[in-house]
Amino acid sequence: MSADDQKRRAGEAAAERVAAGMIVGLGTGSTAAWFVKALAARKLPDLRCVPTSEATAELARELGLPLSTLEDTPRIDLTVDGADEVGPGLALIKGGGAALLREKLVWEASARCIVIADAAKVVKTLGRFALPIEVVAFGHKTTANRIADVLADHDIAMPARVRQAERGLVRTDGGNLIYDAACGAIHDPARLADDLKLITGVVEHGLFLDLADEAIVGTDDGIEVLTP
Ligand SMILES: O=C(CO)[C@H](O)[C@H](O)COP(=O)(O)O
């Protein structure tokens with residue numbers, strides 16, 4: 001079974017957790033897209049959906065899901081989103097799709113958060129996937145130097161690299177840049193999260209700690225449900 005089939009299974013199982021009338025946060029990425037499609041197919045009445053990116057908003061609109069914003073619906077019942085890594089205690093790395101800031105805002109406004117993933121995303125130690133860090137464009141090279149200092153303090157020798165696309169630097173929906181930090185292994189995610197947040201110019205990082213209530217992992221046999 002392919003990773004995409006596993007993502008579909010996880011997304012479809014998560015869509016079953018949604019009830020009529022809920023305010024639902026819609027994640028970003030290929031796994032979250034399976035959730036959005038499965039949710040739309042259920043045609044539940046009176047949903048309001050808060051997308052975490054322009055890409056997800058477009059997909060949800062095409063599928064006829066009623067959209068709202070965090071401004072209009074600041075309290076969300078349930079958010080379902082993908083992840084790049086799912087570690088012990090459901091500590092996550094997110095932001096591979098460059099939507100980490102909006103994602104974290106929506107997750108933190110949610111009464112419940114479910115992360116959905118294929119089996120390969122589950123790891124014993126976070127850090128194999130490069131950690132995305134969202135940085136304001138103004139003075140970003142200076143900010144990158146300060147990020148490198150913090151990483152070195154965490155025994156991570158490799159400086160973070162700015163994310164490039166074919167036509168230049170990747171810009172987030174908010175117009176910021178993404179730096180990816182190839183950490184290898186993150187031994188103290190909470191301390192790294194705190195240290196990165198203290199850097200002026202860092203808008204947000206992709207460590208999602210103590211936010212996921214449940215993980216639904218698609219496997220070759222079905223799904224596996226993990227709790228923190
Ligand atoms: O955090 C994210 C976007 O910012 C995604 O949820 C994450 O990158 C996983 O993506 P995919 O489901 O395509 O593997």
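Leaving aside its neighbours within four places in sequence, which residues is Trp107 in contact with? They are Gly25, Thr79, Asp81, Cys113, Phe208 and Leu211, where contact means C-beta atoms, placed from the backbone, within 7 Å.

A word on the model first. Residues are numbered from 1 along each chain as its sequence is written. The model is predicted: local features need pLDDT of at least 70, side-chain atom pairs count only at pLDDT 80 or more, and totals for chains, interfaces and linings use all residues.

Trp107 lies in helix α4; helices are DSSP runs (H or I, at least four residues) numbered from the N terminus. Trp107 counts as buried because it has 22 C-beta neighbours inside 10 Å (the cut-off is 20 or more other C-beta atoms within 10 Å). Its C-alpha atom is separated by 18 Å from that of Ser30, 77 residues away along the chain.

Ser30 also belongs to the α2 side of a helix pair, meeting α1 together with Trp34, Phe35 and others. The axes of α1 (residues 3-15) and α2 (residues 30-42) come within 8 Å and cross at roughly 45°. That makes α1 oblique to α2 (neither under 35, over 145, nor 65 to 115 degrees).

Now to the ligand: 18 residues surround it, the closest being Gly29, Thr31, Gly82, Gly96 and Gly97 (C-beta atom within 6 Å). Helix α2 gives the largest share of this shell, three residues.

Here are the two sets of residues by class (Ala, Val, Leu, Ile, Met, Phe, Trp, Tyr, Cys and Pro nonpolar; Asp, Glu, Lys and Arg charged; the others, Gly among them, polar).

| Set | Residues by class |
|---|---|
| Contact of α1 with α2 | seven nonpolar, three polar, four charged residues |
| Shell around the ligand | five nonpolar, nine polar, four charged residues |

Notes: Axes fitted to C-alpha atoms, helices over the stretch in contact; angles between N-to-C directions. Helix = DSSP H or I, 4+ residues; strand = E, 2+ residues; numbered from the N terminus. Contact = placed C-beta atoms within 7 Å. Buried ≥ 20, exposed ≤ 12 C-beta atoms within 10 Å, placed from the backbone.
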